[in-house]
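Q: Please take a close look at one part of this model, the place where two helices pack against each other. Set it in context with the other local features that can be described.

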Amino acid sequence: MKRIITAKVRNRSGVLNRITGLLQKRQFNIESISVGRTETEGISRMTFVVEVEDFQKLEQVTKQLNKQIDVLKVSDITDKAIVARELALIKIVSNGQLRAEIQGIIEPFRATVIDVSKDTLSIQVTGKSEKVEALIELLRPYGVKDIARTGVTAFMRGQQPQAGQEQAPFSLLH
Amino acid sequence: MVKAKAEHQDNNPTISHAPKTGADLLIEALIDANVDTLFGYPGGAVLPIFDALYKKKSSFNQVLARHEQGSIHAAEGYARVSGKPGVVIATSGPGATNLVTGIADAMIDSLPLVVFTGQVNQAVIGTDAFQEADIMGITTPITKHNYQVRSISDLPRVIKEAFHIATTGRPGPVLIDIPKDLAANPCADKYDEAFYLPGYQPTIKPNPLQVKKLKEALETAQKPVILTGAGILFSKATEEILSFAKTHQIPVASTLLGLGAFPGEDELFLGMAGMHGTYAANQALYETDLLINIGARFDDRLTGNLDHFAPSAIVAHIDIDPAEIGKNITTHIPIVGDAKLALKEMCKQIKTTPDFSTWLSHVQENKANYPLWYTKPETDMIGQWAIEQVFKETNGDAIITTDVGQHQMWTAQFYKFNKPNRWVTSGGLGTMGFGFPAAIGAQLAAPEDMVVAIVGDGGFQMTLQELSILQERNLPVKIIIVNNAALGMVRQWQEKFYEKRYSESVFSIQPDFVKLAEAYEIKGVKIDTQEELSEKLPDLLAYDGPVLIDCRVLQQENVYPMIAPGKGLHEMIGVKP
């Protein structure tokens with residue numbers, strides 16, 4: 001199963017190596033990892049998407065991460081109300097005639113063209129991974145030359161649903 | 001005790017006016033950390049550190065091994081017996097990489113070490129400079145934490161943090177890599193030492209509500225067993241565990257490293273559990289309905305096939321490292337905290353329990369019916385018997401160290417550890433060559449006690465250069481080589497599981513160990529028969545100085561009983577002659 005785990009870490013040398021090394025040593029597969037600074041100086045946030053077999057393995061991942069001296073807090077936010085986004089840059093084969101057509105495809109994705117050359121077009125898209133995937137699939141027939149993806153970064157929404165209400169369906173009567 | 005930090009002033013007044021260097025700061029920090037014994041080996045990148053040490057000679061007992069691996073195993077032995085962190089200094093590159101086995105050994109067996117390595121000058125780090133190795137990268141997965149100091153102002157704080165991390169929570173090795181220029185350059189007299197470790201707050205105090213769950217589980221249990229691990233030794237909870245088990249009459253099984261946490265000859269003690277454990281201990285773990293693990297990590301050599309480990313038990317696991325709980329075995333009652341505090345809370349909350357006497361007599365019957373056994377030959381020696389003689393001769397009071405293999409298992413089986421911190425062995429990593437240097441560290445930690453290194457002929461040949469330390473200091477370590485001219489455990493597995501294809505496990509030649517001892521001016525004795533051993537052992541053990549005893553034992557002897565790989569606790573073979 002795929003899980004999204006975030007970790008706040010102290011911005012020390014070698015901290016990324018510690019964490020990826022640990023995940024490798026314990027045989028956890030990392031699908032993506034993104035790192036960046038947070039609002040606090042000296043503290044970075046890492047977001048991993050990992051593929052784990054079961055909840056016991058998952059618990060091990062978070063516990064092992066927590067054991068690291070430079071790791072301040074680890075959260076599995078998969079089941080929380082979260083905002084998760086990634087950014088992708090996609091370079092496709094294109095020419096003058098195709099541009100309008102491609103514009104029509106990317107527009108509903110709120111993607112933008114960020115670079116044009118004689119025979120290529122570079123597109124930037126942000127959103128959930130599924131959305132990025134969908135756009136890539138639509139663009140594939142035109143000939144994808146290069147893709148650069150940041151991996152998911154995520155945090156919890158400002159308001160979390162109260163326990164018990166989480167699954168309540170929306171109803172006009174209430 | 002060894003030389004304490006008696007004199008702090010410099011021996012040479014002309015040097016004391018020189019400006020302070022990073023190396024001086026380091027030495028001061030060591031004195032502040034109450035370090036009195038150093039296991040160091042000099043080299044290019046640590047020249048400034050050893051120069052600073054030279055000026056503070058009288059503050060430390062400096063132990064010069066003949067190989068860095070010897071230094072670090074000695075530091076491990078010292079840490080295990082003294083309870084204090086072992087401190088090691090080695091140079092960059094090969095000096096540092098020679099420590100790797102010991103660091104990994106200390107990590108998996110949770111021994112507190114603070115390891116200093118030299119590093120090349122900062123200006124050339126990353127250029128493949130002479131004697132450069134990326135020791136940070138190499139040791140990240142085998143240290144509790146590691147540091148490379150890049151600014152001199154960080155050094156005093158880093159050293160404080162390192163000692164704190166190494167000795168608190170679940171102990172472990174911490175490495176500090178110090179570039180040569182940083183140690184050599186002049187620096188200020190003092191820097192801020194306040195340390196800040198927001199990501200490191202081990203849970204020491206157990207949650208009373210979790211202990212209450214254990215209390216409730218005990219109220220309905222019929223077949224409880226306590227499993228004692230090394231965590232009890234680290235937290236010095238031997239009195240508490242004895243009192244708890246005695247009060248409630250609960251039988252006790254031990255891990256390899258937990259031996260000594262509970263008196264080995266107590267009637268409640270079932271012996272070591274696991275691959276070469278006793279039938280009684282393993283059967284109890286198999287049949288139990290409430291397993292109380294205190295400070296053990298459910299290693300695979302203990303559990304055997306997980307499907308058959310305590311299959312019908314509620315598992316309570318007390319451990320200071322939350323990551324150990326639920327790692328291998330599904331745990332119903334997790335209790336994170338220090339073993340001593342947990343046991344105190346248990347003694348406070350749990351006053352009465354049901355009568356476990358039916359269960360107790362059942363496991364004690366097993367203990368009586370299936371004792372550890374060996375078949376004694378007419379005159380020739382076997383390892384089991386020889387070790388038993390050492391036990392009898394020392395009244396179980398000696399500090400015993402071992403390598404890994406047959407002699408280790410026989411020692412765990414036949415030497416009954418009635419007291420804590422007398423047992424120094426490489427458990428998790430299973431390091432050949434550990435036992436002898438570890439004995440040196442143990443002897444330095446406990447100069448008044450008898451220290452016996454029981455080693456194999458294979459393992460001894462990996463670190464025997466440390467005989468130099470015995471010669472130099474006349475350290476009265478007694479070395480007993482259980483010499484079967486083979487890598488016994490490898491040979492045993494080849495016999496059992498590889499149709500007797502003894503691939504590279506039998507030595508065709510061997511050094512003359514007695515002559516070898518004599519080369520170091522150490523008393524050496526070769527013993528071939530039972531009669532000889534019985535006759536000579538008392539005097540050899542009582543001898544005032546180091547002794548090497550080359551005990552020639554039969555090669556074909558195997559360690560029994562045994563759980564074959566992949567089998568469960570209830571599938572032991574060789575439980576009876």
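A: What follows starts with one helix pair and then moves to single residues and to the other chain.

The model is predicted, and the description applies to it as such. The pair consists of helix α16 of chain B, residues 383–394, and helix α17 of chain B, residues 406–414. Two packed helices are described by the angle between their axes and the distance between the axes. Here the angle is about 45° and the axes are 9 Å apart. α16(B) and α17(B) are therefore oblique to each other, since an angle counts as roughly parallel under 35 degrees and as roughly perpendicular from 65 to 115. The crossing of α16(B) and α17(B) is right-handed.

On the α16(B) side, the residues that meet the partner helix are B:G383, B:Q384, B:I387, B:E388 and B:F391. They face B:Q406, B:H407, B:W410, B:T411 and B:F414 in α17(B). Sorted by class, this contact holds four nonpolar, five polar and one charged residues.

Elsewhere in chain B, some single residues can be described. B:P546 sits in the loop between α23 (530–542) and β18 (547–552) of chain B. B:P546 has 27 other C-beta atoms within 10 Å and is therefore buried, the cut-off for that class being 20 or more. Leaving aside residues up to four places away in sequence, B:P546 touches B:L470, B:N474, B:L475, B:P476, B:V477, B:I522 and B:K523. From B:P546 to B:L233 the separation is 313 residues in sequence and 28 Å in space, C-alpha to C-alpha.

Another proline, B:P561, is found in the segment after β18 of chain B. The peptide bond leading from B:Y560 into B:P561 is cis, and its omega is near -5°.

Two residues of chain B other than glycine have a positive phi: near 65° for B:N34 and near 50° for B:F298. B:N34 is in the loop between α1 (22–32) and β1 (37–40) of chain B, and B:F298 is in the loop between β10 (290–294) and α13 (300–303) of chain B. B:N34 has 11 C-beta neighbours inside 10 Å and so counts as exposed, whereas B:F298 has 24 other C-beta atoms within 10 Å and is buried.

Chain A contains four helices and nine strands, in the order β-α-β-β-α-β-β-α-β-β-α-β-β along the sequence. The radius of gyration of chain A is 20 Å, while a compact globule of 174 residues would have one near 16 Å. The C-alpha trace of chain A spans about 55 × 55 × 35 Å along its principal axes. Of the 174 residues in chain A, 22% are buried. Among contacts in chain A between residues at least 6 apart in sequence, 74% join residues at least 24 apart.

Between the chains, the contact takes 16 residues from chain A and 14 residues from chain B. On the chain A side, α1 (15–25), α2 (55–67) and β4 (71–76) each supply at least two residues. α2(A) gives the most, with six residues. By class, that side of chain A divides into three nonpolar, six polar and seven charged residues.

A:R26 lies in the loop between α1 and β2 (29–37) of chain A. A:R26 has 15 C-beta neighbours inside 10 Å and therefore counts as partly exposed. Not counting residues up to four places away in sequence, A:R26 touches A:Q60 and A:Q64. The C-alpha atoms of A:R26 and A:V93, 67 residues apart along the chain, are 41 Å from each other.

Note on methods: Residues numbered from 1 in each chain as written. Chains lettered and ligands numbered in written order. Predicted model: local features only at pLDDT ≥ 70, side-chain atom pairs only at ≥ 80, totals over all residues. Axes fitted to C-alpha atoms, helices over the stretch in contact; angles between N-to-C directions. Parallel < 35°, antiparallel > 145°, perpendicular 65-115°, else oblique. Left-handed = near helix turned anticlockwise from the far one by under 90°. Contact = placed C-beta atoms within 7 Å. Nonpolar A, V, L, I, M, F, W, Y, C, P; charged D, E, K, R; others polar. Rg over C-alpha atoms; globule rule 2.2 N^0.38 Å. Buried ≥ 20, exposed ≤ 12 C-beta atoms within 10 Å, placed from the backbone.
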